[in-house]
Amino acid sequence: MKRKDLLKGIVVCLAVIGLSACNNQSGQLPILGERTLTTNPVTGKRDTVYPSIPTFHLTDQDSAHVTGDSFSGRVYVADFIFLSCPTICPKMTREMLKVYHAFENDDHVGFLSHTIDPEYDTIPRLKQFATSIGVSSPKWHFVTAPADTIYKLAASYYATAYPDSTAEGGFTHSGGLLLVDKYKHIRGVYDGTDSVETKRLIKDISKLLTESR
């Protein structure tokens, strides 16, 4: 992907963080995205509603159905990659693998990698890739779906993903690792090509687990 597109994605993420960080008064991780206020029809009280990841239906490397319920009661880290990516994806996967190993024995943490090239990244190829890096599907799902489904879902994560004939590998996508809490709120965005950011992500997962418990 182009460097300017990666930077654009990071700028968008920072803008999203800015929308919610000012609402964080407790020292907890912010909930990213712009909140809305609604009136409870029963109590008449004003409720704060934060954006959350919508319902999704995906298929992983073991042909298993993966939905939001697959992460019920857990936090998870998500990203958007493709196996033939010649630029940032290998680095993103290496950084994600560091996080995986940090929480390999913690059942409260999961991982979700979406292919943005479902035509090439078939289920057998996703399985082969997951096996090659030594991860298993109950912990780390490599998922596929129709391309339009993936691209629409990426937008809900504040991620960029779309075909681009001018980009290396044929796709433009942002390089963020996205931390999602058990309520499907995004709690952090981290540059998946930066090992310093990976360390910050690991610390923030621990912080989020403490908050959840």
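**Tyr158 is placed in the loop between helix H4 (147-156) and S8.** This is a predicted model. Look at the backbone of Tyr158: phi is near 60°. That is a positive value, and the residue is not a glycine. Is Tyr158 buried, partly exposed or exposed? Tyr158 counts as partly exposed, because its relative accessibility is 24% and the buried class ends under 20%.

**Ala159 belongs to the loop between H4 and S8.** Ala159 is buried, with a relative accessible area of 15%. The value falls under the 20% cut-off, so the residue counts as buried. Which residues does Ala159 touch, once neighbours within four places in sequence are set aside? The contacts are Phe80, Ala154 and Ser174. Take Phe80. In sequence, Ala159 and Phe80 are 79 residues apart. In space, their C-alpha atoms are 7.9 Å apart.

**Thr160 also has its place in the loop between H4 and S8.** The relative accessible area of Thr160 is 26%, so Thr160 is partly exposed. Thr160 touches Thr172, His173 and Ser174, with residues up to four places away in sequence left out of the count. Ser174 is in contact with Ala159 too. How far is Thr160 from Gly176, C-alpha to C-alpha? The separation is 9.3 Å, and the two residues are 16 apart along the chain.

**Tyr162 lies in strand S8, which covers residues 161-163.** Tyr162 is partly exposed, at a relative accessible area of 34%. That figure is not under 20% and not over 50%, so Tyr162 falls in the class between buried and exposed. Now find Ser174. It lies twelve residues from Tyr162 along the chain. The C-alpha atoms of Tyr162 and Ser174 are 9.9 Å apart.

**Lys184 is found in the loop between strand S10 (176-180) and strand S11 (186-191).** Phi of Lys184 is about 70°. The sign is positive, although Lys184 is not a glycine. Is Lys184 buried or exposed? Lys184 is buried, because its relative accessible area of 14% is under 20%.

**Helix H2 spans residues 89-102.** How many residues does H2 have? H2 has 14 residues. Count 1.5 Å for each step along the helix, one step less than the number of residues, and the expected span is 20 Å. The end C-alpha atoms are 20 Å apart, so the model agrees with the expected span. Several side chains of H2 deserve a look. The buried residues are Cys89, Met92, Thr93, Glu95, Met96, Leu97, Val99 and Tyr100.

**Helix H2 packs with helix H5 (residues 195-212).** Two packed helices are described by the angle between their axes and the distance between those axes. For H2 and H5, the angle is about 30°. The axes are 10 Å apart. Are the helices roughly parallel or roughly antiparallel? They are roughly parallel, because angles under 35 degrees count as such. The crossing of H2 past H5 is right-handed. On the H2 side, Glu95, Lys98, Val99 and Ala102 make the contact. On the H5 side, the residues are Ser195, Thr198, Leu201, Ile202 and Ile205. Sorted by class, the contact has five nonpolar, two polar and two charged residues. Glu95 and Val99 of H2 appear in this contact, and both are among the buried residues of H2.

**The whole chain has five helices and eleven strands.** How much of the chain is buried? Of its 213 residues, 47% are buried. Next, consider contacts between residues with a separation of 6 or more. Residues 24 or more positions apart account for 69% of them. The contact of Ala159 with Phe80 spans 79 residues in sequence.

Technical notes: Residues are numbered from 1 along each chain as its sequence is written. This is a predicted model: local features need pLDDT of at least 70, side-chain atom pairs count only at pLDDT 80 or more; totals for chains, interfaces and linings use all residues. Side-chain values use heavy atoms; hydrogens and water are left out. Helices (H or I, at least four residues) and strands (E, at least two) are DSSP runs, numbered from the N terminus. Buried means under 20% relative accessible area, exposed over 50%, partly exposed in between (1.4 Å probe, protein chains only). Axes are lines fitted to C-alpha atoms, for helices over the stretch in contact, and angles run from 0 to 180 degrees between N-to-C directions. Angles under 35 degrees count as roughly parallel, over 145 as roughly antiparallel, 65 to 115 as roughly perpendicular and the rest as oblique. A crossing is left-handed if the near helix is turned anticlockwise from the far one by less than a right angle, and right-handed if clockwise. Contact means heavy atoms within 4.5 Å. Ala, Val, Leu, Ile, Met, Phe, Trp, Tyr, Cys and Pro count as nonpolar, Asp, Glu, Lys and Arg as charged, and the others, Gly among them, as polar.
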